[in-house]
Amino acid sequence: MKPAPVPAVSPAARARFLGIVENLPGLTLEELTERLERTHDRMVAPLVVGYLHQCRTIRRDDAGRYWPA
């Protein structure tokens, strides 16, 4: 089976969202998205968080909460 394609995510977006997860660990994607101020960040949050999870930079527990890896 082919691995899922990795989306194109800028280094700045990776760093910004990794910092958010490190500063606010244990939030679900919905909770994390609610705390974002910029509309663009709210729109790309699922893509960037999914990318970070796929790259194992962050992890998700059984309750759907994200933690730094």
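These questions and answers walk through the predicted model shown above.

Visitor: What kind of model is this, and how are residues numbered?
Guide: The model is predicted; local features need pLDDT of at least 70, side-chain atom pairs count only at pLDDT 80 or more, and totals for chains, interfaces and linings use all residues. Side-chain values use heavy atoms, with hydrogens and water left out, and residues are numbered from 1 along each chain as its sequence is written.

Visitor: Which pattern do the helices and strands follow along the sequence?
Guide: Helices (H or I, at least four residues) and strands (E, at least two) are DSSP runs, numbered from the N terminus. The protein has 3 helices and 3 strands. Read along the sequence, the pattern is α-β-α-α-β-β.

Visitor: What is the strand order in the sheet?
Guide: Two strands pair if DSSP finds at least two bridges between them. β1 and β3 are joined by 2 bridges, and β2 and β3 pair over 3 bridges. The sheet is open, its pairing is antiparallel, and its order is β1-β3-β2.

Visitor: Which strands stand at the edges, and why?
Guide: An edge strand here has a single partner strand, so one side is left without a neighbour in the sheet. That describes β1 (27–28) and β2.

Visitor: Which residues in β3 are the bridge partners of Leu 27 and Ile 58?
Guide: Leu 27 has Tyr 66 as its bridge partner in β3. For Ile 58, the bridge partner in β3 is Pro 68.

Visitor: Which residue in the turn of the β2 and β3 hairpin has a positive phi?
Guide: β2 and β3 form a hairpin with 4 residues between them. The phi in question is about 80 degrees, and the residue is Gly 64.

Visitor: How far apart are the end C-alpha atoms of helix α1?
Guide: The expected span is 1.5 Å times one less than the number of residues. Helix α1 (residues 11–23) has 13 residues, so it should span 18 Å. The model agrees, with the end C-alpha atoms apart by 18 Å.

Visitor: What covers the buried residues of α1?
Guide: Buried means under 20% relative accessible area, exposed over 50%, and partly exposed in between (1.4 Å probe, protein chains only). In α1 the buried residues are Ala 13, Phe 17, Gly 19, Ile 20 and Val 21. Their cover includes α2 (29–35), α3 (39–54), β2 (58–60) and β3 (65–68).

Visitor: At what angles do α1 and α3 run to the strands they lie across?
Guide: Axes are lines fitted to C-alpha atoms, for helices over the stretch in contact, and angles run from 0 to 180 degrees between N-to-C directions. Both α1 and α3 lie across β2 and β3. α1 runs to β3 at about 100 degrees, and α3 runs to β2 at about 95 degrees.

Visitor: Which helix supplies the largest share of the largest nonpolar core?
Guide: A nonpolar core is a set of buried Ala, Val, Leu, Ile, Met, Phe, Trp, Tyr and Cys residues joined through side-chain atoms within 4.5 Å. The largest one has 16 residues; Phe 17, Leu 32, Val 48, Val 49, Leu 52 and Ile 58 touch the most other members. α1 and α3 each supply at least two residues. The largest share is 6 residues, from α3.

Visitor: Is Thr 28 buried or exposed?
Guide: Thr 28 is found in strand β1. Leaving out residues up to four places away in sequence, Thr 28 touches Ala 63, Gly 64, Arg 65 and Tyr 66 (contact means heavy atoms within 4.5 Å). Its relative accessible area is 12%, so Thr 28 is buried.

Visitor: With which side chain does the side chain of Arg 60 make a polar contact?
Guide: Arg 60 lies in strand β2 and is partly exposed, at 44% relative accessible area. A polar contact is a pair of N or O atoms within 3.5 Å; within protein, one must be able to donate a hydrogen and the other to accept it, and residues adjacent in sequence count only if both atoms are side-chain atoms. At 3.2 Å, the partner of Arg 60 is Tyr 66.

Visitor: Is Met 43 buried or exposed?
Guide: Met 43 lies in helix α3. The C-alpha atoms of Met 43 and Thr 33 are separated by 8.5 Å. With a relative accessible area of 62%, Met 43 is exposed.
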